[in-house]
Amino acid sequence: MGTHERDREDRGRGGVPLGGGLTTGEVARRLGVAPTTVRTWDRRYGLGPDAHTGGRHRRWTATDVARLERMCALTATGIPPAEAARTVLGEATQVAESVALTAPASPDTPPQAQPPARRPSDAPPLPPAPARSRAGSGLRLGDVRQECKGIARAALRLDAAALDELLEAAILEHGLVAAWTEVIMPTLQAVGRKWESSGERYVEVEHFLSWHVSGALRRGAPPSAADRPGATIVLACVPGENHTLPLEVLAAALAERGLPVRMFGGALPVESLVTAVRRTGPAAVGLWAQSRTTASRPLAQHVAAMEWGVRGARRKPVVLTIGPGWSGRTVTGLPRPTGLAEAVAVLESVVSR
């Protein structure tokens, strides 16, 4: 039996370990909140673990985590934490009463001796419960890593501290390429779908998440590698293209591998791109285009035809057309990687020639 299969057998509902539950830190990462938030909800609103175990570390069961997920779902819709907590506790009480009412009577107690359970008369009225959202975030994330759901929740709450912590943890645990492909990109795509289907809502969430992803990439990447003759890689968005984030990921992944990268960001004018290529004499040039309206075959062909060096030993760069904008606009003879891992592999092979 493989490691992942054993992990699944050792976990119960919601991925919570059967042996003793999750720690507060694990719960926080799963929910996309800071550990102090979980402790505050416990201390202030009574949303802590039902059962107490020995030792200093508290353990959270699947039922405990489900309550906190509901709390996250309610606060993400704008409901104040105190009101959301009353709703969560009220729902838990209703479930417990329902179980008590339907449970069979004890053999030693006549059925008529059991009084019906009901809410205390002085309990505050419960507000209508909003519809439960997927992953507590309202985003259709589908079958993705648990980190995606935590990051989505933090982004929807505009929780900068929690978002930075979760992004950096994902990069540290999985590495830049896997973190981008399996965690960050699915979350960004879910936010984008939410924005497109919500009539211009959630734009602030998309901008907020993109900004923090960019910051996490910069913090997670090592310092720029020194130039090596004939080994520099130039990365730039084509003119009119301002979607830089995928190119930032590529730059960070290449820096992680010790390759010298010169990143020029969004919407680099043609004249500036040509000047940058002539000044650096790169082994490769990556041109990013998000939209087909910005992808320019003549530009890619022009850069690929540029030469430098002494007569008799002239060199040309390998030009990569990167991004969905080049779909259907393939330039003959130029590599077009379809993903981050493939782009990194192609550039590594070019530099090592």
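These legends walk you through several close-up views of a predicted model.

**View 1. The largest pocket and the residues around its centre.** Welcome to the largest pocket, which holds about 1,000 Å³ of space. Its lining is made up of 35 residues, and the closest to the centre are W180, H243, L245, P246 and Q290. If you are wondering how such a space is found, rolling a probe the size of a water molecule over the atoms shows where empty space is left.

**View 2. The elements that build the pocket lining.** Here we stay with the largest pocket and look at its walls. Five elements each supply at least two residues of the lining: the helices α8 (176-196), α9 (203-220), α10 (245-256) and α13 (340-351), along with strand β4 (318-322). Which of them gives the most to the lining? That is α8, with nine residues. Sorted by class, the lining has 16 nonpolar residues, 14 polar ones and five charged ones.

**View 3. Strand β4, a contributor to the pocket lining, seen residue by residue.** Strand β4 is one of the elements that supply at least two lining residues to the largest pocket. This strand is mostly covered, with five of its five residues buried. Follow the side chains along β4 and you will find V318, L320 and I322 pointing one way, while V319 and T321 point the other way. Both sets are buried.

**View 4. Strand β3 and its two partners.** Take a moment with β3 (residues 284-288), which pairs with β4 in the parallel sense over five bridges. Within that pairing, L287 has T321 of β4 as its bridge partner. Strand β1 (residues 233-237) also runs parallel to β3, and five bridges join the two. On this side, V234 is matched with V285 of β3. Like its neighbour β4, β3 is mostly covered: five of its five residues are buried. A284, G286 and W288 point one way from β3, and V285 and L287 point the other way.

**View 5. Arginine R67 in helix α4.** This view centres on R67, which is found in helix α4 (residues 62-76). Is R67 buried or exposed? R67 has a relative accessible area of 10%, so it counts as buried. Leaving aside residues up to four places away in sequence, R67 touches L47, G48, D50, V88 and A92.

**View 6. Two loop residues with positive phi.** Look first at L158, in the loop between α6 (146-156) and α7 (160-174). Its phi is near 55 degrees, a positive value in a residue other than glycine. L158 is partly exposed, with a relative accessible area of 41%. Now turn to A267, in the loop between β2 (261-263) and α11 (270-280). A267 is not a glycine either, yet has a positive phi of about 50 degrees. Because its relative accessibility is 25%, A267 counts as partly exposed.

**View 7. Two buried cysteines.** A disulfide is a covalent bond between the sulfur atoms of two cysteines. How many disulfides does the structure hold? The count is zero. Two cysteines are picked out here: C72 counts as buried, at 1% relative accessibility, and C148 also counts as buried, at 0%.

Methods
Residues numbered from 1 in each chain as written. Predicted model: local features only at pLDDT ≥ 70, side-chain atom pairs only at ≥ 80, totals over all residues. Heavy atoms only, no water. Helix = DSSP H or I, 4+ residues; strand = E, 2+ residues; numbered from the N terminus. Buried < 20%, exposed > 50% of the residue type's maximum accessible area, 1.4 Å probe, protein only. Contact = heavy atoms within 4.5 Å. 1 Å grid on protein atoms, 1.4 Å probe; cavity = no way out; pocket = protein on both sides within 12 Å on 5 of 7 lines; lining within 4 Å. Points joined across faces, edges and corners; volume = space filled by probe spheres on them. Nonpolar A, V, L, I, M, F, W, Y, C, P; charged D, E, K, R; others polar. Pairing = 2+ DSSP bridges. Disulfide = S-S within 2.5 Å.
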